[in-house]
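Reader: I should be grateful for a close look at one part of this structure, namely the helices that pack together towards the end of the chain. Please set that part in the context of the whole chain.

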Amino acid sequence: MATFARHLLSIVVRLARSFSFVGLAVATLFAAASLTPSLLPRHYAVQGILTGFALAVGYGVGSLVVWLWHWLEIPDFSPRVQQVSRTITSIVVAVVAVTFLWWATLWQNSIRQLMEMPPVATAYPWRVAVIALATGIAGILLTRGLNAVWRFLNGWVAMVVPQRVANITSAVLLVGLLFLLVNDVFIRFALVKADQIFMRIDAAIDEGIEQPNDPLASGSRESLVAWDMIGRQGKHFISWGPTQGQIGEFVGRDAKTPLRVYVGLAAAETMQERAQLALDELKRVGGFDRSVLVVATPTGTGWLDPAAVDTLEYLHAGDTAIVSMQYSYLPSWITIMANPTYSTDSARYLFDAIYDHWKSLPRDSRPRLYLHGLSLGAMGSAASADLFTLFEDPIQGGVWSGPPFASQVWVRATRYRNPDSPMWLPQFRDGSMLRFTTQENSLPNAGPRWGPMRFVFVQHASDPMTFFSPDLLYSRPAWLVGPRGADVSPYLRWAPIVTFLQVGFDVPMATSVPTGYGHNFAPQDYIDAWVEVTQPSDWPPAATTRLKEHFAKPSTTKID
């Protein structure tokens with residue numbers, strides 16, 4: 001037993017001595033920087049894994065610097081200078097690490113306070129440190145393993161080609177093998193498992209959800225869309241909307257039963273067939289006889305935010321029709337990785353089907369046509385109607401919320417914003433066609449002129465789904481230039497690579513915060529946007545205030 005212990009200790013000692021001092025110093029600084037706040041508050045376990053990733057990446061950066069130093073054949077400092085510099089560096093790095101661990105609680109509470117979350121008594125620094133060390137060391141050892149594979153390949157290749165050619169060839173072979181292994185084995189396996197899990201979730205029927213008896217409801221016995229082909233989120237959309245009586249009681253006059261058409265992923269084989277089915281169902285229920293018609297693109301799971309659709313129906317006394325079709329049952333952040341074109345392709349098929357019929361109707365009797373989407377649905381919806389189509393026979397506008405960073409329409413609008421406006425609340429040209437708003441209604445700030453076609457992006461400055469970008473690796477984001485959003489920590493500072501990791505970790509946690517922050521949108525966020533875009537008749541400003549109060553109760557519904 002003692003022999004085994006001595007052998008194990010010798011292995012640990014040799015492993016510790018094999019680490020690069022510069023690599024460890026840079027790794028510690030990266031780990032410390034990862035403790036600073038990003039867009040969302042973090043649980044200590046998530047923080048620990050994030051810090052471990054930062055530690056491993058920092059070690060790689062430090063080791064790369066050492067390798068480059070030697071490759072350039074720069075002479076080493078004298079042993080005396082090295083000893084003094086190591087001592088000073090060790091003290092500085094240790095002080096930074098301890099200080100940042102001490103401040104971690106303050107930094108996390110700086111975000112929680114802005115998001116109306118209770119403060120935490122501690123950020124559990126020692127737990128974070130233990131998780132980070134385990135994660136970081138695992139990452140470093142994995143990298144060393146890959147280096148060993150490269151050396152093995154290089155030894156064989158160097159037998160038949162010159163050494164420098166062998167170095168490059170071996171690296172290319174290793175990258176190719178890694179790509180095949182990760183893409184065709186791990187990612188494919190993960191996607192298959194995720195697909196199986198979320199397929200079962202999509203097929204589930206929650207308690208209290210029953211097939212509707214109203215013949216005008218999708219999924220009813222009279223419907224063209226079978227109830228068991230609609231999907232879990234579609235069933236919620238159809239079953240949980242406000243009733244004619246509830247709307248009439250609020251507006252104080254006669255109201256109509258809102259029309260909701262939803263075609264599930266299993267309802268037809270192709271997107272084109274599902275779009276045609278949605279059009280046929282919309283015709284069946286009389287959707288083109290309503291005053292307001294909305295083509296809505298759901299999130300990855302097929303979810304439509306009640307905060308968005310319910311408020312619209314109240315604003316127009318139920319004289320509305322909303323049509324949507326499912327393209328996936330995976331969460332948006334998985335869908336956008338698996339196939340980022342799903343939402344845009346689906347939205348385009350549905351819009352084309354609805355628009356082609358709509359423009360054939362008499363202009364003085366057809367409904368006003370709008371677009372809507374949240375998250376990945378916002379990206380798809382915004383790309384569904386090209387400018388030439390809109391100019392041919394213009395629709396009336398749209399409301400998009402939480403656009404993901406991959407949305408090209410959003411990217412172009414923010415890139416070419418007026419230079420005196422911040423990225424998190426841009427002003428686009430004269431504001432006559434496109435405006436942006438946040439938790440506070442900022443739409444009037446864009447100017448007095450609203451055109452006949454009105455579009456609004458609703459976004460939160462704290463939403464990582466919107467403000468993540470690969471550019472965070474090497475450049476300070478525009479949303480940190482000048483004044484920052486009201487829900488962004490004043491302690492947030494950009495750091496190369498580290499901020500990329502931080503916000504990247506925030507993306508899958510984007511809905512873990514209270515409604516009204518991050519990627520969760522409150523009814524109040526939508527009401528002002530819908531009022532400006534759809535201009536409901538007989539709707540005084542006092543009614544807007546009253547509707548906001550009506551929807552002020554906290555929502556427990558979360559998106560994907």
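Author: The following account begins with the whole chain, turns to the packed helices, and ends with the core and a single buried side chain.

This is a predicted model, in which local features need pLDDT of at least 70 and side-chain atom pairs count only at pLDDT 80 or more, while totals for chains, interfaces and linings use all residues. Residues are numbered from 1 along each chain as its sequence is written, and side-chain values use heavy atoms, with hydrogens and water left out.

The chain has 560 residues, of which 48% count as buried (under 20% relative accessible area, with exposed meaning over 50% and partly exposed in between, for a 1.4 Å probe and protein chains only). Its secondary structure comes to 19 helices and seven strands (DSSP runs numbered from the N terminus, helices being H or I of at least four residues and strands E of at least two). Of the contacts (heavy atoms within 4.5 Å) between residues at least 6 apart in sequence, 74% join residues at least 24 apart.

Helix H19 covers residues 541-550, and its buried residues are Ala543, Thr544 and Leu547. Viewed down the axis of H19, these residues fall within an arc of 105°, so they line one face of the helix (the arc is that of the directions from the helix axis to the C-beta atoms). Pro541, Ala542 and Glu549 are exposed on the other side of H19. The partners of the buried residues of H19 are helix H8 (244-251), helix H10 (306-315) and helix H18 (523-534).

H18 and H19 pack with their axes 9 Å apart, at an angle of about 155° (axes are lines fitted to C-alpha atoms, for helices over the stretch in contact, and angles run from 0 to 180 degrees between N-to-C directions). The two helices H18 and H19 are therefore roughly antiparallel (angles over 145 degrees; under 35 counts as roughly parallel, 65 to 115 as roughly perpendicular and the rest as oblique). H18 passes H19 in a right-handed crossing (the near helix is turned clockwise from the far one by less than a right angle; anticlockwise would be left-handed). On the H18 side, Gln524, Ile527, Asp528 and Val531 meet Thr544, Leu547 and Lys548 of H19.

H18 also packs with H10: their axes come within 9 Å and cross at roughly 45°. That angle makes H10 oblique to H18, and the crossing of H10 past H18 is right-handed. Here Ala307, Ala308, Thr311, Leu312 and Leu315 of H10 meet H18 residues Pro523, Tyr526, Ile527, Trp530, Val531 and Thr534. Ile527 and Val531 of H18 thus meet residues of H10 as well as residues of H19.

Elsewhere, the largest nonpolar core (buried Ala, Val, Leu, Ile, Met, Phe, Trp, Tyr and Cys residues joined through side-chain atoms within 4.5 Å) has 103 residues, of which Val323, Ile354, Leu369, Ile395 and Trp479 touch the most other members. Helix H9 (residues 271-285) gives the most to this core, with seven residues. Among the residues touched by Val323, not counting those up to four places away in sequence, are Val261, Ala278, Leu282 and Ile354.

Phe237, found in helix H7 (residues 232-239), is buried with a relative accessible area of 3%. Beyond four places in sequence, Phe237 touches Arg260, Val261, Tyr262, Leu304, Val309 and Ile322. Phe237 and Tyr262 are 25 residues apart in sequence and 7.9 Å apart in space, C-alpha to C-alpha.
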